[in-house]
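Welcome, and thanks for taking a look at this one. Below is a short briefing on charged pairs, aromatic rings and model confidence.

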Amino acid sequence: NSVNNNEDVFIYYVGHGAPSNPPPLGDGKNYLMTSDADEYNISNSSYPIKLFYDNISKINSDNITVVVDACFSGKQNDGQNYLMQNASPIFELEEEVPQTSRNLNIITAGASNEIASWTRDENHTLLTKYFLLASEEMPLYSKKSKDNFNPELINYIQEEVRKDAKKFYGRAQLPQFIDD
């Protein structure tokens with residue numbers, strides 16, 4: 001299927017992200033892990049985040065929104081236990097995003113030095129929970145332009161995620177909204 005320039009494209013990825021091992025054991029790049037990924041061979045069994053964005057840049061649309069609610073697994077060396085319960089460290093995406101003349105808007109679960117938290121019942125991440133709640137009540141973009149996120153939506157999501165991450169887990173998390 002083709003997309004016309006005037007059609008909006010919305011991509012929402014929720015899952016795990018991981019870096020491969022540094023050379024010579026891996027390529028040291030970031031990946032979105034597939035459901036059948038081999039955690040010991042990430043670079044050969046997962047989807048490169050750079051390829052993800054390169055493919056998005058080929059979409060023929062003037063307005064693309066990407067939500068990346070991705071994380072690392074946080075496993076200990078034994079591969080069995082998690083270092084932090086209800087947590088997923090966030091990786092840095094900025095270097096992976098290609099320059100484009102199109103309107104590319106990106107939402108991430110938090111800053112690159114923060115950990116993404118899950119809801120207490122583990123049904124959703126905090127970002128997904130509050131993104132879904134906010135999108136029922138308010139538009140994604142400002143009334144003036146699809147080039148900018150709605151400030152009311154940003155404030156609501158950031159404040160609710162920040163409060164819950166602090167209240168339930170004692171850590172900082174502030175979703176990032178990067179618009180054109």
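Let's begin with a charged pair: Glu160 and Lys163 are joined by a salt bridge, with 3.3 Å between their closest N and O atoms. Please keep in mind that this is a predicted model. The protein has an average pLDDT of 79, and the count of salt bridges comes to 3.

**Salt bridges in helix α4**

- Glu160 and Lys163 both sit in helix α4, where 3 residues, or about one turn of the helix, separate them.
- Is Glu160 buried or exposed? Glu160 counts as buried because its relative accessibility is 17%, under the 20% cut-off.
- Its partner Lys163 has a relative accessibility of 37% and therefore counts as partly exposed.
- A salt bridge also links Arg162 to Glu159, and here the closest N and O atoms are 2.5 Å apart.
- Arg162 and Glu159 both belong to helix α4, which covers residues 151-169, and they too are 3 residues apart, about one turn of the helix.
- Arg162 is partly exposed at 36% relative accessibility, and Glu159 is partly exposed as well, with a relative accessible area of 34%.

**The salt bridge in helix α2**

- Lys50 and Asp54 bring their side chains together in a salt bridge, at 3.2 Å from N to O.
- Both residues lie in helix α2 (residues 49-57), with a spacing of 4 residues, about one turn of the helix.
- Lys50 has a relative accessible area of 42%, so this residue is partly exposed.
- Asp54 comes out at 22% relative accessibility and is therefore partly exposed; the cut-off for buried is under 20%.
- As general background, side chains of opposite charge can pair when their charged atoms come close.

**Aromatic pairs**

- How many aromatic pairs does the count come to? The count comes to 9 aromatic pairs.
- One of them is formed by Tyr141 and Phe149, which are stacked, with 5.9 Å from centre to centre and 5 degrees between the planes.
- Both of these residues are buried: Tyr141 has a relative accessible area of 13%, and Phe149 has a relative accessibility of 3%.
- Phe149 also pairs with Phe177; the ring centres are 5.5 Å apart and the planes stand at 80 degrees, so this pair is edge-to-face.
- Which parts does that pair tie together? Phe149 is in the loop between α3 (126-137) and α4, while Phe177 is in strand β8 (residues 176-178), so the pair ties together parts that are 28 residues apart in sequence.
- Phe177 is buried too, its relative accessible area being 15%.
- Elsewhere, ring pairs join Phe10, Tyr12 and Phe131 into a cluster.

**Confidence along the chain**

- A pLDDT of at least 70 is reached by 81% of the residues.
- Which elements have the lowest and the highest mean pLDDT? Strand β5 (residues 87-89) has the lowest mean pLDDT, 50, and α4 has the highest, 96.
- Helix α4 thus appears twice in this briefing: with the highest mean pLDDT among the elements, and as the home of the Glu160 and Lys163 salt bridge.
- Over residues 72-85 pLDDT stays under 50, and for this stretch the model has 25 contacts beyond four places in sequence.

Definitions and conventions:
Residues numbered from 1 in each chain as written. Heavy atoms only, no water. Salt bridge = Lys/Arg side-chain N within 4 Å of Asp/Glu carboxyl O. Helix = DSSP H or I, 4+ residues; strand = E, 2+ residues; numbered from the N terminus. Buried < 20%, exposed > 50% of the residue type's maximum accessible area, 1.4 Å probe, protein only. pLDDT = per-residue confidence, 0-100. Contact = heavy atoms within 4.5 Å. Phe/Tyr/Trp six-rings, centres within 6.5 Å; stacked < 30°, edge-to-face > 60°.
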